[in-house]
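Grab a coffee and open the viewer: here are a few exercises to work through with the coordinates at hand. Try each task before reading its solution.

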Amino acid sequence: MDAFSRRSLLALAATGSIAAATPGRAAGFGNPDRPPQGAINASPEAVRDPGPQSPPLAGQFPSAQNPPATDVGDMQTFWSSFNTAHRRIQAGGWARQVTQADFPISTAVSGVNMRLDAGGVREMHWHLAAEWAYMTNGRCRITYLDAEGHASVQDVAKGDLWYFPAGMPHSLQGLGPEGCEFLIVFDDGSQSEFGTLLVTDWLAHTPPEDLALNFGVPADTFRSIPLDDLWIFQGREPGPLAEDQARIAAAGAPAEPVTFSLATTTPVRENRSGRLQMADSRTFKASKTIAAAIEVIRPGAMREMHWHPNADEWQYYIQGEGRMTVFGAGPRAQTADFRAGDLGYVKKSNGHYVKNTGTTDLIFLAVFRTAEYQEISLSDWLARTPPALVAQHLNIDPAVLARFPHNRPGLVPA
Ligand code: MN
Ligand code: MN
């Protein structure tokens, strides 16, 4: 403590201000820090916020307005949202995104939320990052070509995934009757959906005689190509899938399918508190850089305290209301609230847990830039370390430690 702050404290102590500012509990169980933090340690007048605020917005974030007394230290913002992201709307659909530019902690991946109406086309394109996607609504037809000339045309529906390795060309089109909506995750926080390589852009920026030479047709063939890119446009609904598949002149299908049904996989964890379903390169073999889990947490239940040793976690909240606390070295602990359309982020190896604070199932997608999902469960670690040693750390009777879960329940109560 420097001389100035020591003097200030002494002055405050002399006037009794310190005592007045801390009417609640001293530091202790459930409130470990000095000076003690949290509303429980302040007078109602000190907690009051008379300044400018937007009650409808502030009301969405009770954990920011009134953090648990166990929260401590500063932590990079790990909350963002598609709800506040600008929508680029064109005939045929729309998209919005949250990249590292918008959400600085999100270095590993960026996210895009897109809708295509029936017949709406996301133009044939490619990009530097690999693209992983999760369908949240409707049906979509995807086309894809790999470096061996293997091509794929597939239809995907709610709960399905696709994965396009970096640089591989592809397109997306909404199918009837309702079109589709989906989440795209790029395996690079800086990848933008607004900065992709478009087939129309390249043709418009190539001299006609060079196009003629390249394709072996007269230059006049290209007189009607669009001079502005299409990006998303209203197209005609395609015919039956089998017809499209029969018409592509491909040298066979990709060795590993680029689509996967996450929704129909057997849960890796399931109990009365919810369900976890998983897809990584061990099951969805094409998905070499992205692993993901869809997590369902029942009202009042909790995703257990855990961390991921090999990757950051990027979260997309799909339904319900939840609260996540993240723990890091320092110590640092911070709690934030999440609703449908919001995004969360947890740095590699930072401890975290998620509680359902609403009255419906809480559903979110957890995405990791890694080939294989990994998780360390706190209760599993404590259960698989000699009890005498754990007891000396935590002052808990070994007989009570023995009642901790031994089976990595994933969701609690198990
Ligand atoms: Mn793409
Ligand atoms: Mn996690």
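## Warm-up: an arginine and its partner

R332 is partly exposed, at a relative accessible area of 33%. Keep in mind that this is a predicted model.

**Exercise 1.** Work out which residue forms a salt bridge with R332, and where the two sit in the chain.

*Solution.*
- Start at the side chain of R332 and look for a carboxylate: D74 forms the salt bridge, with the closest N and O atoms 3.4 Å apart.
- That passes, because the cut-off for a salt bridge is 4 Å.
- Next, place the two residues: R332 belongs to strand β20 (residues 332-339), while D74 is in the loop between α5 (62-65) and β1 (79-81). The pair is 258 residues apart and links distant parts of the chain.
- Finally, check accessibility: D74 is exposed, with a relative accessible area of 53%.

**Exercise 2.** Find the salt-bridge partners of R298 and of R303, and say whether each pair is buried or partly exposed.

*Solution.*
- R298 pairs with D361, the closest N and O atoms being 2.6 Å apart.
- This bridge connects two loops, one between β16 (291-297) and β17 (302-307) for R298, the other between β22 (351-356) and β23 (362-368) for D361. The two residues are 63 residues apart.
- R298 comes out at 26% relative accessibility and D361 at 23%. Both therefore count as partly exposed, since buried means under 20%.
- R303 meets E375 in a salt bridge at 2.7 Å, N to O.
- Here R303 is in strand β17 and E375 in the loop between β23 and β24 (376-377), 72 residues apart.
- E375 and R303 are both buried.
- To round off, a search of the whole structure gives 17 salt bridges. Among the residues involved, R141, D155 and D244 are joined into one network through shared partners.

## The manganese sites

**Exercise 3.** List the donors of the manganese ion (ligand 1), then describe how they are spaced in sequence.

*Solution.*
- Pick out the coordinating atoms: H125 (NE2), H127 (NE2), E131 (OE) and H170 (NE2), at 2.0 to 2.2 Å.
- Write the donors in chain order and you get H-x1-H-x3-E-x38-H.
- Look at the long step in that pattern: E131 is in strand β6 (residues 131-145) and H170 in strand β9 (residues 170-174), 39 residues apart.
- Check burial: E131 has a relative accessible area of 0% and H170 has 3%, so each of these counts as buried.

**Exercise 4.** Do the same for the manganese ion (ligand 2), then look at G351.

*Solution.*
- The donors are H306 (NE2), H308 (NE2), E313 (OE) and H352 (NE2), at 2.0 to 2.2 Å.
- Their spacing reads H-x1-H-x4-E-x38-H.
- E313 lies in strand β18 (residues 313-319) and H352 in strand β22, 39 residues apart. E313 and H352 are buried.
- G351 is also placed in strand β22, and its relative accessibility of 15% makes it buried.
- Measure across to H308: G351 and H308 are 43 residues apart in sequence but 8.0 Å apart in space, C-alpha to C-alpha.
- Beyond its sequence neighbours within four places, G351 contacts H306, W307, T325, V326 and F327.

## Domains and cores

**Exercise 5.** Work out which domains supply the largest nonpolar core, and which of its residues touch the most other members.

*Solution.*
- Divide the chain: domain 1 (6-65), domain 2 (87-260) and domain 3 (265-376). The C-alpha centres of domain 1 and domain 2 lie 52 Å apart.
- The largest core has 52 residues, and F78, W132, W314 and L365 touch the most other members.
- By element, β23 gives the largest share, seven residues.
- By domain, the core draws at least three residues from each of domain 2 and domain 3.
- Follow W132 outwards, skipping neighbours within four places in sequence: the contacts include L161, W162, Y163, F284, I290, L365 and V367.
- A second, separate core holds 23 residues, among them Y144, V156, W162 and F164.

**Exercise 6.** Find the side chain that makes a polar contact with the side chain of N41.

*Solution.*
- Locate N41 in the loop between α2 (17-21) and α3 (44-47).
- N41 is buried, at 2% relative accessible area.
- The partner is the side chain of N31, at 2.9 Å.

Technical notes. Residues are numbered from 1 along each chain as its sequence is written. Chains are lettered from A and ligands numbered from 1 in the order in which they are written. This is a predicted model: local features need pLDDT of at least 70, side-chain atom pairs count only at pLDDT 80 or more; totals for chains, interfaces and linings use all residues. Side-chain values use heavy atoms; hydrogens and water are left out. Helices (H or I, at least four residues) and strands (E, at least two) are DSSP runs, numbered from the N terminus. Buried means under 20% relative accessible area, exposed over 50%, partly exposed in between (1.4 Å probe, protein chains only). A polar contact is a pair of N or O atoms within 3.5 Å; within protein, one must be able to donate a hydrogen and the other to accept it, and residues adjacent in sequence count only if both atoms are side-chain atoms. Domain bounds come from an automatic or database domain assignment. A nonpolar core is a set of buried Ala, Val, Leu, Ile, Met, Phe, Trp, Tyr and Cys residues joined through side-chain atoms within 4.5 Å. Contact means heavy atoms within 4.5 Å. Donors are N, O and S atoms within 2.8 Å of the metal (3.2 Å for Na, K and Ca); water is not among the atoms, so sites may look incomplete.
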